Amino acid sequence: MIVSIMTPTPGFGNDLADVARVFFGNVQVQINLPGGDLAVTHTEQEESGVRRCRIALAGRYAASAERTAEVSEDPLLEKRYHKRLIKQTLFDALKAATGRTPPWGSLTGIRPTWLLYEAMDRGLSLEEAEKETREVFCVREDKAALLREIVTVQQGMAQSAETDADLYVGIPFCVSRCAYCSFLSGEVGKGKELPPYVEAVVKEIEATLALMEEKGLKPRAFYMGGGTPTALSAGQLEQVLSACRPFIRRAREVTVEAGRPDTIDRDKLSVIRDAGAGRISINPQTMHDETLVRIGRRHTRAQTEEAYALARAAGFAHINMDLIAGLPGENLDMFLETLAWSRALSPESLTVHTLSIKRSSLLHLWEAQLPDGGMVGDMVDAGRREAGMRGMRPYYLYRQKYMAGNLENVGYALPGHECLYNVDMMEETAHVFAVGAGAISKRVDVKKGRIERAPNVSDVSHYLARTDEMIRRKKELWREEWT
Ligand code: SF4
């Protein structure tokens, strides 16, 4: 289906396209070009400080909706509220036309908790902020309650001080490519890039730690992710983690993403443990071997069980597990079996992802379709019940484009096992020094709501050739005159 949106505000075209995709999935949307299967006509008028927005649908669906909102004198707020008004009016029209009520209402952003924080900054209580989210954005009651629960847990966690900073080290390699993966730069063994990559990363880490020292910043959380860091050999892991030692020694939390069970062995676990990591991730995604084959994860359920046993024997007291709801070929019963199976492995935290088909993934290349949103919604709800039954609480949430059912990814943890780094990333409340190809550093000023980013180049060969420039980018981000 092609959706044609005729609008006097083409600057909000992408936002309107996002709302259309909430209802129709990854359809083609054209702005100010007639001729689609569904024609959306947006008009608006302004009178006495009030803007009246009208949306009419014709073609495959017919309906209309109208909303009004005051025009703000603050240019920033004006832009935000204007966009919100148009999106909500389109949402109303599409809801009336299709009879569907998407779980997250008209919200299309990736961080819905921000709405609650923003409302609380305006003086609303958490309960009032939750109510506003339900009423203004038509967010379903259970989803709004989930946001409230998450904000409550986050408020009880160690808050980041202005002088705290996280360190992220990215290893964009893996042992094979999962069909849904969009993170990967390369498969280990296909090239000779690993040794020079480790060397470059170590150089960047050393320069980064010196910069943090110079700026008087204190270590908060360390996270080594990817790709799959355990795609490195034990010796290479040792090299990278040794360079991070001055940070890790003083950090509140240290995580290494082991990720793929088939990359884990005793030696690597010893290196990670001896480096000071208290938290690792071992991610089965599903217990079903036939699904693992289908999605190109070259490991088995038995390998996951072995990896958990090895990690426990090595003394890891916090293991996180990632699962995906809606994997190709899976139904609700299969997901329930995965949840039940995972109980025996007793991870201290559990992240339930919803399948999304990212543009750079193999699933997108294969033109795979997302599974039924209702079924995936039941899976996600089952994940939430299961986590609750184990005493875990939801503590971070994010959404992505092109997700099954327009749902969400949620991290659950036993009390005291919430990952600071995950919350820092989602809520953008801490500085991040990010090292490695594709890693993005961030400098934040929470009080002023200012965030500036310094991205590293994603391509590994460019990263190797331009490591000094990546270091300079971080120095520039931390220039003196930043206010
Ligand atoms: S294990 Fe992770 S990094 Fe490796 S291919 Fe799969 S999703 Fe990508």
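D289 is partly exposed, with a relative accessible area of 34%; the class covers values between the buried limit (under 20%) and the exposed limit (over 50%), computed with a 1.4 Å probe on protein chains only. The model is predicted, so local features need pLDDT of at least 70 and side-chain atom pairs count only at pLDDT 80 or more, while totals for chains, interfaces and linings use all residues. Residues are numbered from 1 along each chain as its sequence is written, and side-chain values use heavy atoms, with hydrogens and water left out.

D289 belongs to helix α9 (residues 289-294). Helices (H or I, at least four residues) and strands (E, at least two) are DSSP runs numbered from the N terminus. Beyond its neighbours within four places in sequence, D289 is in contact with T300 and R301, where contact means heavy atoms within 4.5 Å. G216, which is 73 residues from D289 along the chain, has its C-alpha atom 49 Å from that of D289.

**Nonpolar cores**

A nonpolar core is a set of buried Ala, Val, Leu, Ile, Met, Phe, Trp, Tyr and Cys residues joined through side-chain atoms within 4.5 Å. The largest one has 90 residues, and V169, F222 and M224 touch the most other members. Helix α6 (residues 194-214) supplies the largest share of this core, ten residues. A second, separate core holds 25 residues, among them L16, L38, L57 and A65. Leaving out residues up to four places away in sequence, M224 touches several residues, including V169, I171, P229, L232 and T255.

**Helix α2**

Helix α2 (residues 75-98) has 24 residues and an expected span of 34 Å at 1.5 Å a residue, which agrees with the 34 Å between its end C-alpha atoms. The expected span is 1.5 Å times one less than the number of residues. At the N-terminal end of α2, D74 acts as a cap, with a side-chain oxygen 2.8 Å from the backbone nitrogen of L76. After α2 comes G99, whose phi is positive, near 75 degrees.

**Salt bridges**

A salt bridge is a side-chain nitrogen of Lys or Arg within 4 Å of a carboxyl oxygen of Asp or Glu. By this rule the count comes to 39. Three pairs are listed below with the distance between their closest N and O atoms.

| Acidic residue | Basic residue | Closest N and O atoms |
|---|---|---|
| E66 | R52 | 2.8 Å |
| D92 | R67 | 2.7 Å |
| E348 | R312 | 3.1 Å |

E66 forms a salt bridge with R52. Because E66 lies in strand β5 (residues 63-70) and R52 in strand β4 (residues 50-59), the pair ties together parts that are 14 residues apart in sequence. E66 is partly exposed at 43% relative accessibility, and R52 is partly exposed at 38%.

D92 forms a salt bridge with R67. D92 lies in helix α2 and R67 in strand β5, so this pair ties together parts that are 25 residues apart in sequence. R67 counts as partly exposed, its relative accessibility being 22%.

E348 forms a salt bridge with R312. This pair links distant parts of the chain, 36 residues apart: E348 is in the loop between α11 (332-343) and β13 (349-354), and R312 is in helix α10 (residues 301-313). E348 counts as buried at 12% relative accessibility, whereas R312 is partly exposed at 29%.

Salt bridges also form a network that links R80, R84, E118, R122 and E132.

Notes
Polar contact = N/O pair within 3.5 Å; in protein donor to acceptor, adjacent residues only side chain to side chain.
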